[in-house]
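Trainee: I should like to be guided through this structure by question and answer.
Mentor: Please look at it first, and then put your questions in order.

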Amino acid sequence: MRDPYEVLGVQRGASAAAIKSAYRKLAKKHHPDNNRDDPKAANRFSEVNSANEIIGDEDKRKAFDRGEIDADGKPKFQGFPSGRAPSQPGFENAFRGGPGAQQGFGGGGFEDILNSMFAGGGGPRGARGPQNFGFEGGGMAAPDLDIAVTMAVTLEESVQGTEKRVRLSTGKELNVKIPASVTAGQQIRLKGQGETAPGHRPGDLMITVSIAPHAFFKIDGSDLRVELPVTLYEAVLGAKVRAPTLSGAVELSIPKNTSSGRIFRLKGKGLPKPGGTPGDLYFTTRVMLPDGHDAELEALMQKWRDDRPYNPRSDLER
């Protein structure tokens with residue numbers, strides 16, 4: 001993946017608030033729901049979310065800035081602490097042909113050096129004698145050939161399931177099936193789709209699913225929450241208003257004299273649970289006044305204030 005700072009269009013010294021703002025702007029711009037005729041929008045949306053996974057997280061951002069992880073979040077090899085291999089007697093000379101070097105490698109010089117470094121021997125041959133070196137069954141650890149990536153899906157895709165195309169750091173592209181009812185943080189393993197190395201089984205591809213922020217649904221465990229705007233007259237007089245759910249809009253009854261912050265629940269309209277009871281959908285009302293200056297409304301409120309004053313903050317006063 002490209003440098004996450006470049007993807008989000010922010011400087012390396014940008015504040016957390018600036019990164020968050022840039023991410024939200026780009027996520028909205030490239031959201032697949034807003035670009036149904038653009039097949040590349042999903043890839044750009046995924047790239048934006050992957051970048052935010054790195055520099056939108058304080059700890060991962062520090063690790064990336066220190067060079068400890070790459071743009072895909074994978075650890076980097078840091079080398080030896082001093083910037084060079086550990087010093088051993090005759091090590092440099094054996095490779096450079098200096099005064100302490102053996103006469104070429106034919107006389108056992110290279111083997112002696114390796115035995116001295118890894119077998120713990122005190123002399124050229126060491127107390128334990130020659131050691132065997134190899135990748136399979138030998139003393140060296142097998143290389144890590146797994147590839148870890150993060151894939152962002154929309155809330156609707158996480159519920160219904162989908163198929164998305166992912167491009168790996170190796171240049172390989174794959175179609176990945178995302179199962180229905182997938183949750184944030186869930187991992188999908190594709191065996192044998194990682195990196196390769198001679199003499200080793202291919203690594204696996206580990207995909208961690210993230211769910212992109214929704215325009216109005218907020219995830220709360222298996223429940224969903226929505227702020228539902230209502231007009232002043234709907235709140236006072238009561239009304240039936242259209243309210244969104246994952247399966248389409250429904251009519252919600254707002255009783256008379258409903259205040260902001262009142263919560264209504266629709267059972268079973270939250271996130272589905274495989275083999276379990278679905279979560280619920282909660283609406284929190286928010287009374288909205290009309291935009292702009294309204295002289296008649298102001299006059300009505302002034303009369304109301306004078307004729308029927310009340311104090312909703314009485315419980316907060318001492």
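The discussion below moves from the whole protein to its sheets, helices and one loop residue.

Mentor: This is a predicted model, in which local features need pLDDT of at least 70 and side-chain atom pairs count only at pLDDT 80 or more, whereas totals for chains, interfaces and linings use all residues. Residues are numbered from 1 along each chain as its sequence is written, and side-chain values use heavy atoms, with hydrogens and water left out.

Trainee: How many helices and strands does the secondary structure of the protein come to?
Mentor: Helices (H or I, at least four residues) and strands (E, at least two) are DSSP runs, numbered from the N terminus. Counted in this way, the protein has nine helices and 11 strands.

Trainee: What percentage of the residues in the protein is buried?
Mentor: A residue is buried under 20% relative accessible area, exposed over 50%, and partly exposed in between (1.4 Å probe, protein chains only). Of the 318 residues in the protein, the buried share is 30%.

Trainee: What is the order of the strands in the open sheet of three strands?
Mentor: Two strands pair if DSSP finds at least two bridges between them. Seven bridges join S1 to strand S5 (residues 205-211), and these two run parallel; Val149 has Ile207 as its bridge partner in S5. S4 and S5 run antiparallel and are joined by four bridges, with Leu190 partnered by Leu205. The pairing is thus mixed, and the order is S1-S5-S4.

Trainee: Why is one side of S1 and of S4 left without a neighbour in the sheet?
Mentor: Strand S1 covers 147-153 and strand S4 covers 187-190. Each has one side without a neighbour because both stand at the edges, each with a single partner strand.

Trainee: Which helix packs on the sheet, touching S1 and S5?
Mentor: S5 is mostly covered, with six of its seven residues buried. The helix in question spans residues 41-55, and its direction makes about 120 degrees with that of S1; such angles run from 0 to 180 degrees between N-to-C directions, and axes are lines fitted to C-alpha atoms, for helices over the stretch in contact. This helix is H3.

Trainee: Are H3 and H4 roughly parallel or roughly perpendicular to each other?
Mentor: H3 and helix H4 (residues 58-65) pack at about 85 degrees, with their axes 5 Å apart. Contact means heavy atoms within 4.5 Å, and here it is made by Glu53, Ile54 and Ile55 of H3 with Lys60, Arg61 and Phe64 of H4. Angles under 35 degrees count as roughly parallel, over 145 as roughly antiparallel, 65 to 115 as roughly perpendicular and the rest as oblique. The two helices are therefore roughly perpendicular.

Trainee: Which residue in the turn between S6 and S7 has a positive phi?
Mentor: Strands S6 (residues 218-220) and S7 (residues 223-231) pair in the antiparallel sense over three bridges, and Ile219 stands opposite Leu224. They form a hairpin with two residues between them, and the residue with a positive phi of about 65 degrees is Gly221.

Trainee: In S11, which residue is the bridge partner of Thr231?
Mentor: S7 and strand S11 (residues 281-288) run parallel and are joined by eight bridges. Thr231 is partnered there by Met288.

Trainee: What does Ala249 count as, given its relative accessibility?
Mentor: Ala249 is found in the loop between strand S8 (239-243) and strand S9 (250-254). Leaving aside residues up to four places away in sequence, Ala249 touches Arg242, Ala243 and Pro244. Its relative accessibility is 43%, so Ala249 counts as partly exposed.
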